[in-house]
Amino acid sequence: MSVAITGTGSYIPQVLVTNKAFEDHNFLNSDGSVIPHSNTVIIEKFKAITGIRERRYAKKEINTSDMAFVAAQNAIEDANINAEDLDYIIFAHNFGDITFGMSQGNTLPSLATRVKNHLQIKNPKCVAYDILFGCPGWVEGVIQANAFIKSGIAKKCLVIGAETLSRVVDPHDRDSMIYSDGAGACIVEEKEGAGEILAHNSATYANEEAYYLFHGSSYHQEIPDDLRYIKMYGRKIYEFAISYVPGAIKECLDESGVPIEDVKKIFIHQANEKMDEAIIKRFYQMHDKAMPEGIMPMNIHKLGNSSVATVPTLYDMVRKGKIKNQQLSKGDVVIFASVGAGMNINAIVYRY
């Protein structure tokens with residue numbers, strides 16, 4: 001049985017926000033004290049580490065499930081299937097629908113249910129549910145879809161990753177410059193000759209690591225404590241990621257039986273350019289090899305970190321020739337990998 005990704009789609013929000021837009025922000029340390037550097041210096045250091053020059057935000061009237069609906073439509077059309085034939089809609093996100101200007105997420109009904117409603121699917125056997133798995137949510141959704149299909153429970157699944165992180169950031173936190181909005185989706189189905197999931201690997205580290213990403217108060221003391229924003233311990237996440245993700249990817253590749261020389265692309269969560277490069281370099285060092293040039297497509301420079309949406313949007317863009325000097329050919333072996341809140345790690349080895 002070959003379980004393949006037969007179609008992809010994405011939604012890239014229309015509001016472009018460059019680094020220059022943050023020059024007038026009042027950035028503070030976590031204790032509320034003033035940072036002893038100009039915003040120009042802060043932004044330049046930020047760009048040097050993350051690689052982010054600009055990011056995309058959703059328009060005020062667009063919500064997470066709206067973006068997901070468009071990405072889903074694109075994936076369904078790309079796979080040339082009837083939406084009524086879907087057995088599952090698996091929607092990975094972290095904060096639900098957040099109305100612009102509000103701080104509370106809305107997850108009732110589930111975002112997967114909202115997408116099913118937007119798609120006007122009448123079939124009650126199309127089961128729609130959400131998963132909360134941090135940034136690796138879309139990859140985990142594909143792993144779940146693969147399991148459903150191999151067990152005979154399903155034949156066709158729609159897997160979505162979407163988020164509006166711009167609505168949960170503290171404007172006084174330098175890390176707010178990292179986050180962005182977006183949506184990516186794919187169709188996973190049993191289909192010979194259309195690609196194949198060869199192996200997968202997942203792990204959750206929930207001791208001290210469990211709270212490396214969390215919901216916290218603003219750094220500005222005048223903002224009420226009951227307003228919560230996405231917060232993280234960036235240095236700890238970086239050290240965790242470069243320590244554990246390379247090994248998780250290696251385990252997955254070893255299970256697949258594919259030699260590392262046959263890997264053509266690695267689609268890694270677009271969290272931080274320097275961190276991603278360090279992860280992949282260590283992965284190759286485990287095989288006594290240097291990281292090949294062009295092995296790691298990136299779109300973080302223009303799209304920022306949209307959490308669960310980064311891997312599916314990146315894959316969709318490369319598949320459709322939208323990233324310069326990056327393309328895929330039939331039979332290429334690629335790896336999907338991610339790390340994020342939980343702390344969760346996962347990877348998939350896939351033959352295109």
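These numbered points go through the sheets, helices, cores and aromatic contacts of a predicted model.

1. **The five-stranded sheet.** One open sheet holds 5 strands in the order 1-7-6-4-5, and its pairing is mixed. Strand 1 (3-11) and strand 5 (127-131) are the edge strands, each pairing on one side only. Neighbouring strands are turned by 20° against each other on average, with direction ignored.

2. **The strand 1 edge.** Strand 1 runs antiparallel to strand 7 (residues 181-190), and 8 bridges join the two. One residue to look at here is Ala-4: its bridge partner in strand 7 is Glu-189.

3. **Helix 2 on this sheet.** Helix 2 (residues 64-79) lies across strand 1, strand 4 (88-92), strand 6 (156-164) and strand 7. Its direction is at about 135° to strand 1.

4. **The four-stranded sheet.** Another open sheet has 4 strands, ordered 8-13-12-11, again with mixed pairing. Strand 8 (196-204) and strand 11 each have a single partner strand, so one side of each has no neighbour in the sheet. The twist from one strand to the next averages 15°.

5. **Strands 11 and 12.** These two strands pair in the parallel sense, over 5 bridges. Lys-265 has Val-334, in strand 12, as its bridge partner.

6. **Helices on the four-stranded sheet.** Helix 5 packs on the sheet and touches strand 8, strand 11, strand 12 and strand 13. Its direction makes about 35° with that of strand 13. Helix 6 lies across strand 11 and strand 12, at about 145° to strand 11.

7. **The largest core.** The largest nonpolar core has 55 residues. Ile-249, Ile-266, Ile-279, Ile-280 and Ile-335 have the most contacts inside it. Elements that give two or more residues include helix 1 (39-50), helix 6 (273-285), strand 12 (333-340) and strand 13 (344-351). Helix 5 gives the most, with 9 residues. Nonpolar side chains tend to be buried together in soluble globular proteins.

8. **Around Ile-249.** Leaving out residues up to four places away in sequence, Ile-249 touches Ile-279, Ile-280, Phe-283, Ile-335, Ala-337 and Ala-347. A second, separate core has 35 residues, among them Ala-4, Trp-138, Phe-267 and Ile-348.

9. **Aromatic pairs.** The model has 14 aromatic pairs. Take Tyr-88 and Tyr-129: the ring centres are 6.2 Å apart and the planes stand at 90°, so this pair is edge-to-face. The pair links strand 4, which holds Tyr-88, to strand 5, which holds Tyr-129, across 41 residues. Tyr-88 is buried, because its relative accessible area is 14%, under the 20% limit.

10. **A tilted pair.** Phe-214 and Tyr-233 lie 5.2 Å apart, centre to centre, with 35° between the planes. Phe-214 belongs to strand 9 (residues 213-216), while Tyr-233 sits in the loop between strand 10 (229-232) and helix 5 (234-256). Both residues are partly exposed: Phe-214 has a relative accessible area of 29%, and Tyr-233 has 42%.

11. **Lysines over rings.** Tyr-233 has a second partner to check: Lys-236 lies over its face, at 5.3 Å from the ring centre. The charged end of Lys-231 sits over the ring of Tyr-219, 3.3 Å from its centre.

12. **A ring cluster.** Which residues do ring pairs link into a cluster? They are Trp-138, Phe-267, Tyr-315, Phe-336, Tyr-350 and Tyr-352. Trp-138 and Phe-267 are also in the 35-residue core.

Methods
Residues are numbered from 1 along each chain as its sequence is written. This is a predicted model: local features need pLDDT of at least 70, side-chain atom pairs count only at pLDDT 80 or more; totals for chains, interfaces and linings use all residues. Side-chain values use heavy atoms; hydrogens and water are left out. Two strands pair if DSSP finds at least two bridges between them. Axes are lines fitted to C-alpha atoms, for helices over the stretch in contact, and angles run from 0 to 180 degrees between N-to-C directions. Contact means heavy atoms within 4.5 Å. Rings of Phe, Tyr and Trp (its six-membered ring) pair if their centres lie within 6.5 Å; planes under 30 degrees apart count as stacked, over 60 as edge-to-face and the rest as tilted. Buried means under 20% relative accessible area, exposed over 50%, partly exposed in between (1.4 Å probe, protein chains only). A charge sits over a ring if NZ of Lys or CZ of Arg is within 6 Å of the ring centre and within 35 degrees of the ring normal. A nonpolar core is a set of buried Ala, Val, Leu, Ile, Met, Phe, Trp, Tyr and Cys residues joined through side-chain atoms within 4.5 Å.
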